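Dear colleague,

I am passing on the structure we spoke about, together with an account of what turned up when it was examined. Please look through the sequence and the model first, and then read the notes that follow.

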Amino acid sequence: MDRPEVLFDESHCDQCACGEGLDFAFSFAFQPIVDAADRSVYAYEALVRGPEGEGAMSVLSRVNERNRYAFDQICRVKAVKLAAKLDMQALLSINFMPNAVYQAEYCIRTTLAAAKTYNFDTNKIIFEVTEGEKMTSVDHLASIIKAYHSMGFHTAIDDFGAGYSRYQIMMASPPDLLKLDMDLIRDIHKQPNKQAVVAGILTMMRQLGGRIVAEGVETPEEYFWLRDQGITLYQGFLFARPGFECLPEPVWPD
């Protein structure tokens with residue numbers, strides 16, 4: 001699919017270029033997703049923060065139905081701009097709000113224009129959706145994932161296993177990456193029931209041709225058990241905490 005081009009004016013980003021403007025500022029911290037196969041950084045997830053590094057809820061609590069579209073669009077632009085400024089060589093994972101995307105092909109235009117302005121390769125972008133957002137239509141999310149795939153973007157579903165699981169999405173339009181919820185990860189080395197659930201998810205993703213990210217890994221024991229199952233992608237405090245407006249280097253357990 002040909003990618004549409006639009007003129008990008010950063011000075012208008014918080015207003016007309018992205019829908020109704022925002023009355024609050026924010027920035028990002030970055031946390032690495034590491035690949036244990038070669039001890040490299042696979043990607044950095046952009047995590048929303050206040051302008052001085054305040055926690056995510058200081059920002060997300062101000063997002064509502066009126067400003068959701070503007071926030072979603074501005075998040076993409078700011079994440080791309082900061083990643084380019086930091087000379088990010090790994091993939092960039094950007095969280096998006098499916099309920100703010102009314103048509104994927106149209107709503108992507110500002111992101112594409114920002115990437116062109118800041119000279120950031122769009123093939124390095126992962127669009128990540130959290131399972132925590134209440135979805136009005138599974139078909140709508142599936143259509144977004146399909147559209148992003150056709151444009152050459154990577155896709156991910158976050159927090160898989162928390163609350164209800166979007167197995168309908170897995171059947172309709174499976175993502176490239178599935179991030180296991182940290183509640184599944186916690187103490188998995190000594191909880192057989194969790195081990196059985198994760199084993200089933202691993203089998204599913206292998207058959208679908210996708211990859212698992214073990215998220216929220218905090219102890220060497222959790223990591224070693226997951227590694228023994230063949231998982232290579234990890235995110236969590238064991239490797240690195242999020243760094244405000246910087247790219248933390250991971251550390252590796254012995």
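Strands, as the word is used below, are DSSP runs of E at least two residues long, numbered, like the helices, from the N terminus. Please keep in mind throughout that this is a predicted model.

On that basis, the last segment of the chain can be placed: Pro 253 is found after β9, which covers 243-244. Its relative accessible area is 9%, and because buried means under 20%, Pro 253 counts as buried. Leaving aside neighbours within four places in sequence, Pro 253 is in contact with Arg 39, Pro 220, Tyr 223, Phe 224, Leu 238 and Phe 239. For one of these partners, Pro 220, there is also a distance: the two C-alpha atoms are separated by 6.2 Å, although the residues are 33 apart along the chain.

Arg 39, another of the residues in contact with Pro 253, belongs to the loop between β1 and β2. Its phi is near 55°, which is a positive value in a residue other than glycine, and with 48% relative accessibility Arg 39 counts as partly exposed. A positive phi is also found at Asn 119, where the value is near 60°; Asn 119 sits in the loop between α4 (109-117) and β4 (125-130), and at 72% relative accessibility it counts as exposed.

Taken as a whole, the protein chain has nine helices and nine strands, and buried residues make up 50% of its 254 residues. Of the contacts in the chain with a separation of 6 or more, 69% are accounted for by residues 24 or more positions apart.

Helix α2 deserves a closer look. With 18 residues, α2 reaches 26 Å from its first C-alpha to its last, close to the 26 Å expected at 1.5 Å a residue. Its buried residues run from Ala 70 through Val 77 and also include Ala 79, Val 80, Leu 82 and Ala 83, and just after the helix Asp 87 takes a positive phi of about 55°. Ala 83, which lies in α2, counts as buried at 0% relative accessibility. Setting aside neighbours within four places in sequence, Ala 83 is in contact with Phe 30, Met 88, Leu 92 and Phe 120; Phe 120 is 37 residues away in sequence, yet the two are 8.0 Å apart in space, C-alpha to C-alpha.

In soluble globular proteins, nonpolar side chains tend to be buried together. Here, the largest nonpolar core holds 73 residues, of which Phe 26, Phe 71, Leu 92, Tyr 148 and Tyr 234 touch the most other members. The element that gives the most to this core is α2, with nine residues. Phe 71 touches Leu 22, Phe 24, Phe 26, Val 48, Val 59, Leu 60, Val 63 and Met 97, not counting residues up to four places away in sequence. A second, separate core is made of nine residues, including Ile 33, Tyr 42, Leu 177 and Val 213.

In helix α5, which spans residues 138-150, Ile 145 counts as buried at 2% relative accessibility. Leaving out neighbours within four places in sequence, Ile 145 is in contact with Thr 155, Ile 169, Ser 173 and Pro 174, while its C-alpha atom is separated by 9.9 Å from that of Ile 157, 12 residues apart along the chain.

Finally, the largest pocket has a volume of about 740 Å³. Which residues lie nearest its centre? Of the 30 residues that line this pocket, they are Glu 45, Leu 47, Leu 60, Asn 95 and Asp 158. Leu 60 is thus named twice, as it is also among the residues touched by Phe 71. At least two lining residues each come from β1 (27-35), β2 (40-49), α1 (57-60), α2 (68-85), β3 (91-95) and β5 (154-160), and β2 gives the most, with five. By type, the lining divides into 16 nonpolar, six polar and eight charged residues.

With best regards

How values were computed: Residues numbered from 1 in each chain as written. Predicted model: local features only at pLDDT ≥ 70, side-chain atom pairs only at ≥ 80, totals over all residues. Heavy atoms only, no water. 1 Å grid on protein atoms, 1.4 Å probe; cavity = no way out; pocket = protein on both sides within 12 Å on 5 of 7 lines; lining within 4 Å. Points joined across faces, edges and corners; volume = space filled by probe spheres on them. Helix = DSSP H or I, 4+ residues; strand = E, 2+ residues; numbered from the N terminus. Nonpolar A, V, L, I, M, F, W, Y, C, P; charged D, E, K, R; others polar. Expected span 1.5 Å × (residues − 1). Buried < 20%, exposed > 50% of the residue type's maximum accessible area, 1.4 Å probe, protein only. Core = buried A, V, L, I, M, F, W, Y, C linked by side-chain atoms within 4.5 Å. Contact = heavy atoms within 4.5 Å.
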